[in-house]
Amino acid sequence: MSDYQHLLMPRTARIVQQASFLRRTGAFLLDLLVIDFFLAAPFASLLERLAGRLQDGFTISYTSTELVAITLLFVVMYAYFVLFEYLLGQTIGMMLMATKLDGNDTAGAILLRNSFILPFFPFIVFWIIEPVAILFWRRGALEYLSRTRTTHQRQVTM
Amino acid sequence: VKKAKEIGMGQRIWTSILILVALLMLGSFFALLLGTEDANANTAIIKISGPISSDEADGLFSSGTSSTEIIRELDQARDDGMDAIILEINSPGGSAVASDEIGQKIKELRAENITVVAWIREVGASGAYWIASSSDHIVANRMSITGSIGVISSYPEFDEFLQEWNVSYNRLVAGDRKDIGDPFVNLSESNRMFMQAKLNRVHGFFIEEVARNRNLSMERATALADGRFFLGVEAKDVGLVDELGGKEEALAYVGRSIGEDVSTVEYEPESSFFDDLFGLVGKQREPTASELLQYLKTQQSSAVPLLR
């Protein structure tokens, strides 16, 4: 191939950008599916029992033991996100939606950016803040604090 | 730590499988630890503490107990297949209607062969005693306060105060007895007698209930129902409680009654997403003066007959 011919070939470039709200929501839902199918299996009877008591969509009653079980289920969920992001830089949902963690990849940063999973105050406030921040700025508040980003890489042909 | 791009596909898959297996084992361990205890539980412990009302306790002053909540927990215990229920009582009583509602629900559960034990701690008086008397067995601490079988209706009266300060109170009433309980109107002798008759009637229901529940004659129950309170040890002597003791004695009775080892699970008031979200903030806040006044107004100054 001569130098002239090379100039005529289409060129590709990789663009790394912050993942969109839809892509991130898709990844999160896929992760929830994985958690539901595999990790929540030991808690299936508990979840069925609680679902039976669900009264109006928000109000639910539980015993103290059940409360501890629910908390531990969230701890397992938290561990899922932290371990995958720490060891692989992305969760299963992120792999399937082609997004990955970018920036500060220390354990502390990953623990912080996923702390919205924890079901108690003040972390529970981020259940509202994070989706809104990601929708408008493509970056969650906890991502700002942990100096991390969730990126999507795509190839463009020029 | 290797970045995602530095890890090959094979290693990525194996790492993912390893993480999932590790987390599955962790979850199974947790579930086994808790699930076993929950699955084996045959006795529910339900707390009745503070003033008893029929409404759901609201936010800031949620230290009381509502009959709606207790009945929900009793139903839940039945639906969860509990063989026995221990009522942990620490209440001075409250609404006659709420006490009756809980008492009737307890009887309903007893008819379904669920053993109900009342465990009176500091106080199990008046309406709380009504509830306790509906159970199969009453255990009380020897120094606890119980009994107080009577009815009270009280409220402050400000009409002379208003006159003294030359304040007029516009009162438009259709029906002579419509404003009974109005703190700005002097209670006439006729209305006082009318009100007293209602209290006597509620008192009669209370005495009948205690007599029936405790297998006492009406005369005996009436003699004990002058509103006095008894220490636990005195209540045992007159037949208002069955046993002196605490949780151990209550559990021992349940064990004898259901004929198997007792494993307990504690039932708690229902919680919602918003309770969890803002509960911690709310609990740390001190009540404001106006909230305190509102609370006192609703809790202390009521013409409604109360058992306490």
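Begin by selecting helices α3 and α6 of chain B in this predicted model, and look at how the two pass one another, for the crossing of α3(B) and α6(B) is left-handed. Helix α3 covers residues 96–111 of chain B and helix α6 covers residues 189–214 of chain B, and their axes come within 12 Å and cross at roughly 25 degrees. Because angles under 35 degrees count as roughly parallel, α3(B) is described as roughly parallel to α6(B).

With both helices still selected, show the side chains where they meet: on the α3(B) side these are B:Ala96, B:Gln104 and B:Lys107, and on the α6(B) side B:Val202, B:Glu209, B:Arg212 and B:Asn213. Coloured by class, the contact of α3(B) with α6(B) shows two nonpolar, two polar and three charged residues.

Next, follow the chain beyond the end of α6 and select B:Asn215, which sits in the loop between α6 and α7 (218–224) of chain B. The backbone here has a positive phi of about 55 degrees, although B:Asn215 is not a glycine, and B:Asn215 counts as exposed because its relative accessibility is 72%.

A companion stop is B:Asn166, to be found in the loop between α5 (159–164) and α6 of chain B. B:Asn166 is likewise not a glycine and has a positive phi of about 55 degrees, and with a relative accessibility of 73% it counts as exposed.

Now turn from these loops to the largest nonpolar core, which has 43 residues, and select B:Leu74, B:Ile85, B:Leu87, B:Ile89, B:Ile149 and B:Leu240, the members that touch the most other members. Helix α4 (residues 127–133) of chain B contributes the largest share of this core, five residues.

Keep B:Ile149 selected and display what surrounds it: leaving aside neighbours within four places in sequence, B:Ile149 is in contact with residues that include B:Tyr129, B:His203, B:Phe206, B:Ile207 and B:Val210. Also among the contacts of B:Ile149 are B:Leu224, B:Ala225, B:Asp226, B:Gly227, B:Arg228 and B:Leu240.

A second, separate core has 35 residues, and to find it you can select A:Ile35, A:Leu72, A:Phe81 and B:Leu23, which are among its members.

From there, move to chain A and select A:Tyr78, which lies in helix α4 (residues 64–88) of chain A. Is A:Tyr78 buried or exposed? A:Tyr78 is buried, since its relative accessible area is 15% and buried means under 20%. Not counting residues up to four places away in sequence, A:Tyr78 touches A:Leu111, A:Leu112, A:Asn114, A:Ser115, A:Ile117 and A:Leu118. If you draw a distance between the C-alpha atoms of A:Tyr78 and A:Leu118, the separation is 7.0 Å, although the two residues are 40 residues apart along the chain.

Finally, step back and show each chain as a whole. Chain A has eight helices and four strands, which, read along the sequence, follow the pattern α-β-α-α-β-α-α-β-α-α-α-β. Of its 158 residues, 43% count as buried, and among the contacts in chain A with a separation of 6 or more, 67% are accounted for by residues 24 or more positions apart.

Chain B, where the tour began, has 11 helices and 14 strands, and of its 308 residues 42% count as buried. In chain B, residues 24 or more positions apart account for 74% of the contacts with a separation of 6 or more.

How values were computed. Residues numbered from 1 in each chain as written. Chains lettered and ligands numbered in written order. Predicted model: local features only at pLDDT ≥ 70, side-chain atom pairs only at ≥ 80, totals over all residues. Heavy atoms only, no water. Axes fitted to C-alpha atoms, helices over the stretch in contact; angles between N-to-C directions. Parallel < 35°, antiparallel > 145°, perpendicular 65-115°, else oblique. Left-handed = near helix turned anticlockwise from the far one by under 90°. Contact = heavy atoms within 4.5 Å. Nonpolar A, V, L, I, M, F, W, Y, C, P; charged D, E, K, R; others polar. Core = buried A, V, L, I, M, F, W, Y, C linked by side-chain atoms within 4.5 Å. Buried < 20%, exposed > 50% of the residue type's maximum accessible area, 1.4 Å probe, protein only.
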